[in-house]
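The exercises below are meant to be worked through with the sequence and the coordinates open side by side. Try each task before reading its solution.

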Amino acid sequence: MTAASEFIKKSRSAGAVLLAPYLWLLVFFLAPFVIVLKISFSQTALAQPPYSSVFDLAAGWRGLIAFLSGLSFDSYHLIASDTIYLLSYLKSLEVAGVSTAILLLIGYPVAYGIARFPRRWQPVLVMLVILPFWTSFLIRVYAWINILQRDGILNGVLVKLGILHAPAAWLASDTAIYIGIVYSYLPFMVLPLYATLEKMDHSLLEAAADLGCTRMRAFWLITAPLSVPGIAAGVLLCFIPIVGEFVIPDLLGGSATPMIGQTLWTEFFSNRDWPVASALAVALLCLLIVPMTFYERLQRRELEGRGNA
Amino acid sequence: MKRGLSAFNIAAVALGLAFLYLPIAILVIYSFNASRLVTVWGGWSLQWYRELFADTGMIESAWVSVRIAALSASAAAVLGTLAALALARLGRFRGRLLFSGMIYAPLVMPEVITGLSLLLMFVALNTDRGFWTVTIAHTTLTLCFVTVIVQSRLVGFDRSLEEAAMDLGCPPLRSFMSVTLPLIAPAIAAGWMLAFSLSLDDLVIASFTTGPGATTLPIRIYSEIRLGVRPEINAVCTIMIAVVTVGTIAASLLGKRTAMQRERAALAAQV
C-alpha cells in the first residue's frame with residue numbers, strides 16, 4: 001500500500017470513485033439476474049407482459065410466505081422433461097468443446113510464429129490479428145455466407161477444379177458452424193497465447209539446446225508448460241461465449257439440433273414463453289459458473305497480482 | 001539473442017493471416033461486382049453503393065447505431081475509468097469481491113443472458129424500450145472492457161510520480177488531473193474506441209433491449225442477411241470495414257507519434 005493510495009483511501013473521494021460504477025453494475029448487471037431468477041419461477045400467462053408475477057413486495061411478511069408457496073417450478077420441470085432442451089445443452093457443449101480444441105490447434109502455431117518474429121515486426125503482426133476483430137461480428141459471419149452458399153465461391157472453385165462434380169451444400173450444416181466459430185474467435189485464442197509466449201525467457205531454450213536437447217523436446221519440456229496460463233485464458237475466453245453463441249449457428253447452421261442460445265431466443269421471441277426462457281438462462285448460467293469463476297480468478301491474478309506486488 | 005525463425009513459423013503466421021483476411025477480401029471485392037449473382041463476375045461497378053445511399057431505412061439505422069455507440073462508449077469510458085481506479089488504487093474495501101466479479105463476468109457472459117436479463121428488468125420497471133434502453137445496455141457491457149484496459153495501464157505505470165506530486169503538497173484531485181489522467185489517457189482512448197466498436201457491432205443485446213423506432217444497423221443487417229446474400233449488404237459491410245480500418249490505423253499512428261514526441265522530450269530534458 002503506497003502513500004498515495006492511502007491518501008485516496010482516506011479522503012472522501014474514494015467513495016465517490018467507487019460509488020458510480022458500483023451502483024451502475026448493481027442496478028444494471030446484478031439486479032437483472034435476480035429478476036430473471038424470479039421470472040423463471042413464475043407461471044406462463046397469456047398477458048402483457050406474458051408472465052404472472054408471484055411476489056408482491058408490498059404485502060411484506062405474509063407476502064413472502066405467499067410467494068414461497070406460490071413458487072412455480074413448471075418451467076424447470078418442462079426443461080428437465082422435454083429432451084429438446086437437454087439435447088440443446090449437449091449440442092452447445094459439444095460445439096464449444098470441439099471448436100475450442102480446433103482453435104487451440106490453429107491458434108497456437110500462429111501465436112508461436114508471431115512470438116518468434118523479429119521484435120519490430122511483432123506489433124504489426126499483432127495488429128493484423130486484432131484488426132478483423134474490430135470489424136463487425138455480423139460482417140464476418142456474412143462473409144462466410146458469401147463463400148459457402150450453394151452458388152458461392154467455394155463451390156465455384158471446387159467444381160471448376162474438378163474436385164466436385166456438382167455444388168455441395170455447405171451452409172446449414174455443423175461444418176459451417178465450426179468454420180464460422182473458428183473464424184470469429186481466432187483472435188481471442190491467438191492474443192492471450194501470444195501474450196504469454198512473448199514474455200518467455202528465451203535463454204531457457206538456449207540452455208536446453210546447449211545441453212543437447214532437441215528442439216521438439218525443448219518445446220514440450222519448456223515452452224508448452226510455460227504457456228499454460230495463456231492456453232487457459234484463450235480456452236476460457238473462447239469456450240464460455242461459444243456455449244451461449246446465437247448469431248453463428250442461427251445464420252450458418254441447419255435446423256437439426258439448435259444450440260442453447262438459439263433455443264432461448266426462440267422461446268423468448270417466437271413462443272413468447274418468458275418463464276421458460278428465464279429458466280434456460282438460469283440453467284445455462286449454472287453450467288458456466290465453474291469456467292467463469294476460473295476465468296475471473298485468472299483475470300484478477302493477471303491484472304492485480306502485478307499491481308499489489 | 002538468437003531467435004530461430006523457421007519456415008514453419010512463417011508458414012503458420014502467413015496461413016493464419018490468410019484465413020483471417022481472405023473472406024473479408026472476397027466480401028469487399030464482390031461489393032463492386034456489377035452482377036447480382038455472387039458466382040458471376042460482371043465487371044467493376046458502384047451500382048450497389050448508389051442503391052445503398054438511396055436506402056433511407058439503412059441510413060437511418062446507421063445513424064441510430066452511431067449515436068448509441070458514441071453515447072454508450074463515453075459513459076462507459078467514465079464509469080470504466082472510475083472502476084479501474086477503484087480496483088487498482090483502493091486496495092481492500094468491503095464488497096471488493098462482488099465488485100470485481102461484476103466487472104469480469106460480463107467479459108465472457110453469453111450475450112443472450114445479458115440481453116434477456118436487462119430486458120426483463122426494463123419490463124419490470126415499466127420503461128419504454130428504445131434508444132435509451134439500448135444505450136444503457138451497451139454501457140453496462142462495454143464499461144467492463146474499458147476497466148480492464150485502463151486497469152492494466154494503471155498497474156503498469158510508475159506510481160512514484162503520483163506519490164511525488166502528493167509529497168509536494170498537490171491535492172489528490174489535482175494530482176490525479178495533472179499526473180494520473182495524462183498517463184492513462186491513451187488507455188482511456190483505446191477503451192473508448194473498443195466500446196464504440198463493440199456497441200456498433202452488437203446484435204443480440206440490442207435485439208432484446210430495443211423497442212419501436214430504434215432499429216440499429218446490426219438488427220437491420222441481420223434481418224436482411226436471413227433472406228440471403230445481397231450485394232447492397234456487401235456494400236454496407238465494405239464501408240464499415242473501411243471506417244474501422246482507417247480509424248484503427250490512424251489511432252495507432254497517432255499513438256506512435258505521441259510516444260515518439262514524449263521520448264524526444266525526455267531525451268531533450270536529459271541533455
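**Exercise 1. Describe chain A through its contacts, elements and surface.**

Solution. Begin with the contacts (heavy atoms within 4.5 Å): of those in chain A with a separation of 6 or more, 72% are accounted for by residues 24 or more positions apart. This is a predicted model, in which local features need pLDDT of at least 70 and side-chain atom pairs count only at pLDDT 80 or more, while totals for chains, interfaces and linings use all residues. Residues are numbered from 1 along each chain as its sequence is written, chains are lettered from A and ligands numbered from 1 in the order in which they are written, and side-chain values use heavy atoms, with hydrogens and water left out.

Next, count the elements, taking helices as DSSP runs of H or I with at least four residues and strands as runs of E with at least two, numbered from the N terminus: chain A has 15 helices and 2 strands. Finally, turn to the surface, where 50% of the 309 residues in chain A are buried (under 20% relative accessible area, with exposed meaning over 50% and partly exposed in between, for a 1.4 Å probe and protein chains only).

**Exercise 2. Describe chain B in the corresponding terms.**

Solution. Chain B has 11 helices and 0 strands, and 53% of its 271 residues are buried. Among its contacts between residues at least 6 apart in sequence, 69% join residues at least 24 apart.

**Exercise 3. At what angle do α14(A) and α5(B) pack, and which residues meet there?**

Solution. First, locate the helices: α14 covers residues 260–270 of chain A and α5 covers residues 111–124 of chain B, and the two pack at an angle of about 25° with their axes 10 Å apart. Such an angle makes α14(A) roughly parallel to α5(B), because angles under 35 degrees count as roughly parallel, over 145 as roughly antiparallel, 65 to 115 as roughly perpendicular and the rest as oblique.

Second, list the residues: Gly261(A), Leu264(A) and Phe268(A) meet Val112(B), Leu116(B), Leu119(B) and Leu120(B). By class, this contact has 6 nonpolar, 1 polar and no charged residues.

**Exercise 4. Where do Ala172(A) and Asn126(B), each with a positive phi, lie?**

Solution. Ala172(A), whose phi is near 55°, is found in the loop between α8 (153–160) and α9 (174–199) of chain A, and it is exposed, with a relative accessible area of 51%. Asn126(B), with phi near 60°, lies in the loop between α5 and α6 (131–156) of chain B, and at 69% relative accessibility Asn126(B) also counts as exposed.

Terms used: Nonpolar A, V, L, I, M, F, W, Y, C, P; charged D, E, K, R; others polar.
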